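Here are some short exercises to work through with the model open beside you. Try each one before reading its solution.

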Amino acid sequence: MSKRPETSDAPLATPTMNAAGDTSTSELTAVVEELLGQLSTKFSSVSSELLSKMDDMSRRLDNLEATIQANEGSKPSGSGSAK
């Protein structure tokens, strides 16, 4: 049977930051914030482009539907489709 290591009631040591740690942390924070800003900008751009294309597609479908209905209305009635 393996022996479990004994636990101590002493508090855990907390890491302390020195000036180099503060600098690297702030640099990392700046890089992450810049990346998040870039992602946000790209997301907004793609979202706007997608909505624009969907609006264009909707207009084109409306025009197509109107053209089809206009062509159906201009057909002589009772002629059938003989080929």
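**Exercise 1.** Is aspartate 56 buried, partly exposed or exposed?

*Solution.* Keep in mind throughout that this is a predicted model. Begin with the relative accessible area of aspartate 56, which is 34%. Next, recall the cut-offs: buried means under 20%, and exposed means over 50%, with partly exposed in between. Aspartate 56 therefore counts as partly exposed.

**Exercise 2.** Find the residues that are linked with Asp56 in a network of salt bridges, and work out how they are placed along the helix.

*Solution.* Start with arginine 59: its closest approach to aspartate 56, N to O, is 3.9 Å, and the two form a salt bridge. Arginine 59 and aspartate 56 are separated by about one helical turn because they sit 3 residues apart in helix H1.

Now take arginine 60, which also forms a salt bridge with aspartate 56, with the closest N and O atoms 4.0 Å apart. This pair lies in helix H1 too, at a spacing of 4 residues, or about one turn of the helix.

Put together, Asp56, Arg59 and Arg60 make up a salt-bridge network. To finish, compare each arginine with the cut-offs. Arginine 59 has 49% relative accessibility, so it counts as partly exposed. Arginine 60 has 58%, so it counts as exposed.

**Exercise 3.** How many salt bridges does the structure hold? Identify the one that glutamate 49 makes.

*Solution.* The count for the structure is 3 salt bridges. Glutamate 49 pairs with lysine 53, and their side chains meet at 3.5 Å, N to O. The two are 4 residues apart in helix H1, which means that about one helical turn separates them. As for its setting, glutamate 49 has 43% relative accessibility and so counts as partly exposed.

**Exercise 4.** Which residues make the nonpolar surface patch of about 390 Å²? Place leucine 36 in the secondary structure, and decide whether it is buried or exposed.

*Solution.* The patch is made by Leu28, Val32, Leu36 and Leu39. Leucine 36 belongs to helix H1, which covers residues 19-74. Its relative accessibility is 53%, so leucine 36 counts as exposed.

**Exercise 5.** Which backbone oxygen does the side chain of serine 74 reach?

*Solution.* First locate serine 74, which is in helix H1. From there, its side chain reaches the backbone oxygen of asparagine 71 at 3.0 Å. Serine 74 counts as exposed because its relative accessibility is 56%.

**Exercise 6.** Step back to the whole chain and describe its secondary structure, its burial and its surface. Then examine the span that UniProt annotates as a coiled-coil region.

*Solution.* For secondary structure, the protein chain has 1 helix and 0 strands. For burial, 1% of its 83 residues are buried. The accessible surface comes to about 8,300 Å², and carbon and sulfur atoms account for 58% of that area.

Now turn to the annotation: an unreviewed UniProt entry places the "coiled-coil region" at residues 47-74. In the model, this span is 100% helix and 0% strand. Across residues 47-74, the end C-alpha atoms are 41 Å apart.

Key
Residues are numbered from 1 along each chain as its sequence is written. This is a predicted model: local features need pLDDT of at least 70, side-chain atom pairs count only at pLDDT 80 or more; totals for chains, interfaces and linings use all residues. Side-chain values use heavy atoms; hydrogens and water are left out. UniProt positions are given in the numbering used here, feature names are shortened, and annotations may be inferred rather than shown by experiment. Buried means under 20% relative accessible area, exposed over 50%, partly exposed in between (1.4 Å probe, protein chains only). Accessible areas come from the Shrake-Rupley method with a 1.4 Å probe; for residues, only the protein chains shown count as cover. Patches are made of residues with over 30% relative accessible area and no salt bridge: like charges are joined within 9 Å, nonpolar side chains (Val, Leu, Ile, Met, Phe, Trp, Tyr) within 5 Å. A polar contact is a pair of N or O atoms within 3.5 Å; within protein, one must be able to donate a hydrogen and the other to accept it, and residues adjacent in sequence count only if both atoms are side-chain atoms.
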